[in-house]
Amino acid sequence: MDRILRIGIPAAAAALVLLSPWYAPYYSTIAVWELRKALSWLAVPVLAGALALLVGLAGMLRRRRADRRRGGGSDAAKVFGCLGAVAGIALTFAWMVYGAYLQDRAYMAATRVVTGPVPELAARAPYVVGKAQADPHLGDVTGEIADISYLPDSDRFATLVERRGWLAGYEVGLVQDIPLGGTSRSQQRCRFDVEAADARIGGWFHHNLGRKIAAQKRWVRFDADDAYVVCNGDKPVVAVPLKRQTGFLVVTERPAGLALYDGHTGRLTVTADTQAVPGPSYPLSLAARQREATAAVGSFTEWWFERSGWDASEDGANTGNESEFALRHRDSSGNSSYVTPLTPQGEASSVVAVSTVPTRHRGGGLAPLTVHRLDPTWSSPAAIVALVKAEYRDVCCYNDDRVFEVVPTGGTTWTATVGSEQNIRYRVEGRGQVGGREATCLKSADGTLIRCAYAAPGSPEEQELARREEGKRKEQGAGPPDLGDLTAYTPEQLAELHRRISEEVTRRLKGG
């Protein structure tokens, strides 16, 4: 009996481990992901330690034989063991540091640095505005907001709402049209079938959407912040961009398609079709990781002492959304990109480059990340905010109005939005350094030019202002039409003229 227990218990444990991908694909996927990451850091030290241990054992055996022949002992084995332990610890630390550099270099494989201009990008409502306007438009929804995302294809903000309770899924999806200009706003709410579609990301037991994804496609994972909802008519669809691991000594992540969760039937579909939903198919978290890896653009020494690469601008001007702005391209291609203003590593806060990563990407490789070097460089977003408040103090900032996101909008231009969370009133567009002789112009939210603090000669803004001034001069120079000699009018003609003048005056007064 004891022999059966001694053999049976380890065998049963081994069988449970080996069969876990069949009966527990979710937890086995998590275990494999974490184990691969751990092995990537420990593989070299473990192999080196094992080799040192074998060499040490061989040396110790030889010395024991020699000591027996001489009839004496030796402490050489102890000394050798201590030296081996110290060498192992040093090797472990060195590999962890150098392995991190190699990991950044692996993510840098799809990165290129250019001096060409940033693609022309369309301005959008700030992310914090889309987030603030979700609450009042949810109506009688009792759930809690789980995620808010911008869908560049449709120029809308999508809000995913969780249903309250431990064993519950999502309650509703909300898609909002929040234009920069105009007062027309539309909202669309699509409700989940809480009986048929009762799973969500991070849910309990069989209500966990991650379990359903792992059961259909093994060895892929996702970041909860990458997921979003779209409304296909009245049917909500939760889109989850997936990731897979690659490599052994240097483990990195790659895109692995999309998981689409039907909010009416609860059916899950995993697809590689990047056009399956009107939203990003490339994981935002993976784009952010690629951008962070630009620190390894130089040598290992430069990476270690933080003398190369770039950081996202974090001076507080874009609080709530400082990197990976999802923006549409202005051309007719329908493309969109994750865009981030970059500052050099260190204390400098000027924007010296802009990174772009496409929001859609086919295949299982990394999407191309392009770093556009700026010449001239820009002032920091915080300095741009201070400039807007100084030059346009009559419109900014009163009551709840403030300057929102300062984002690149292509070429050499940036755009700052001004207003409140419930009403975007203006936008300010500028170029380059705030102290330079470049155009800094105030426009209405819909893009109509109001005035410029300084319009550079020959710029489109200068030409538009000159055209307006010329039009005003023509209007002021033109007098009323010549009615001729009034004595030649008959009484009936004078009465008719007086009536028409009175009606026009009354119409204008009523019209304000």
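A disulfide is a pair of cysteine sulfur atoms within 2.5 Å. The structure on display is a predicted model, and a search of the whole of it finds 2 disulfides. The tour begins with these, then turns to the largest pocket, the salt bridges and a few loop residues.

**First stop: the disulfide of strands S5 and S7**

Select cysteine 190 and cysteine 231, whose sulfur atoms lie 2.0 Å apart in a disulfide. Cysteine 190 belongs to strand S5 (residues 186–191) and cysteine 231 to strand S7 (residues 228–232), so the bond ties together parts that are 41 residues apart in sequence. Set a dihedral along the S-S bond: the torsion is about -65°, and the disulfide of cysteine 190 and cysteine 231 is therefore left-handed. With a surface displayed, cysteine 190 has a relative accessibility of 0% and counts as buried. Cysteine 231 has a relative accessible area of 16% and is buried because the cut-off is under 20%.

**Second stop: the disulfide of strands S19 and S20**

Move to cysteine 441 and cysteine 452, which form a disulfide with their sulfur atoms 1.8 Å apart. Cysteine 441 sits in strand S19 (residues 440–444) and cysteine 452 in strand S20 (residues 449–454), so this pair joins parts that are 11 residues apart in sequence. The torsion about the S-S bond of cysteine 441 and cysteine 452 is about 100°, so the disulfide is right-handed. Cysteine 441 and cysteine 452 are both buried.

**Third stop: the largest pocket**

Select Tyr127, Ile148, Asp225, Leu284 and Asn321, which lie nearest the centre of the largest pocket among the 25 residues that line it. Colour strand S2 (144–151), helix H6 (284–292) and strand S12 (325–328) next, since these are the elements that give two or more residues to the lining of the largest pocket. The space in the largest pocket is about 580 Å³. Coloured by residue class, the lining of the largest pocket divides into 13 nonpolar, 5 polar and 7 charged residues.

**Fourth stop: salt bridges**

The whole structure holds 19 salt bridges. Three of them are visited here, together with a network.

Begin with arginine 330 and glutamate 120, whose side chains meet in a salt bridge at 3.4 Å, N to O. Arginine 330 is in the loop between S12 and strand S13 (336–344), and glutamate 120 is in the loop between strand S1 (111–114) and helix H4 (127–132); the pair links distant parts of the chain, 210 residues apart. Arginine 330, at 47% relative accessibility, counts as partly exposed, and glutamate 120 is partly exposed with a relative accessible area of 41%.

Select arginine 360 and aspartate 153 next: the closest N and O atoms of this salt bridge are 2.5 Å apart. The pair links distant parts of the chain, 207 residues apart, with arginine 360 in the loop between strand S14 (351–358) and strand S15 (369–378) and aspartate 153 in the loop between S2 and strand S3 (156–162). Which of the two descriptions fits arginine 360, buried or exposed? Arginine 360 is buried, with a relative accessible area of 18%, whereas aspartate 153 is partly exposed at 33%.

Return to strand S5 for arginine 189, whose side chain meets that of aspartate 140 in a salt bridge (3.7 Å, N to O). Arginine 189 lies in strand S5 and aspartate 140 in the loop between H4 and S2, so the pair ties together parts that are 49 residues apart in sequence. Arginine 189 counts as partly exposed at 41% relative accessibility, while aspartate 140 is exposed with a relative accessible area of 57%. Add Glu171 and Arg191 to the selection to display a network of salt bridges that links Asp140, Glu171, Arg189 and Arg191.

**Last stop: three loop residues**

Centre the view on serine 308, in the loop between helix H7 (300–304) and strand S11 (310–312). A polar atom of the serine 308 side chain lies 2.8 Å from the backbone oxygen of alanine 295. Serine 308 is buried, with a relative accessible area of 8%.

Glutamate 306 is also placed in the loop between H7 and S11. Its phi is near 55°, a positive value in a residue other than glycine. Glutamate 306, at 52% relative accessibility, counts as exposed.

End at glutamate 324, in the loop between S11 and S12. Phi of glutamate 324 is near 50°, again positive in a residue other than glycine. At 8% relative accessibility, glutamate 324 counts as buried.

How values were computed:
Residues are numbered from 1 along each chain as its sequence is written. This is a predicted model: local features need pLDDT of at least 70, side-chain atom pairs count only at pLDDT 80 or more; totals for chains, interfaces and linings use all residues. Side-chain values use heavy atoms; hydrogens and water are left out. Helices (H or I, at least four residues) and strands (E, at least two) are DSSP runs, numbered from the N terminus. Buried means under 20% relative accessible area, exposed over 50%, partly exposed in between (1.4 Å probe, protein chains only). On a 1 Å grid over the protein atoms alone, a cavity is a set of points where a 1.4 Å probe fits but cannot get out, and a pocket is an open set with protein on both sides within 12 Å along at least five of seven lines; lining residues have an atom within 4 Å of a point. Grid points are joined across faces, edges and corners, and a volume is the space filled by probe spheres set on the points. Ala, Val, Leu, Ile, Met, Phe, Trp, Tyr, Cys and Pro count as nonpolar, Asp, Glu, Lys and Arg as charged, and the others, Gly among them, as polar. A salt bridge is a side-chain nitrogen of Lys or Arg within 4 Å of a carboxyl oxygen of Asp or Glu. A polar contact is a pair of N or O atoms within 3.5 Å; within protein, one must be able to donate a hydrogen and the other to accept it, and residues adjacent in sequence count only if both atoms are side-chain atoms.
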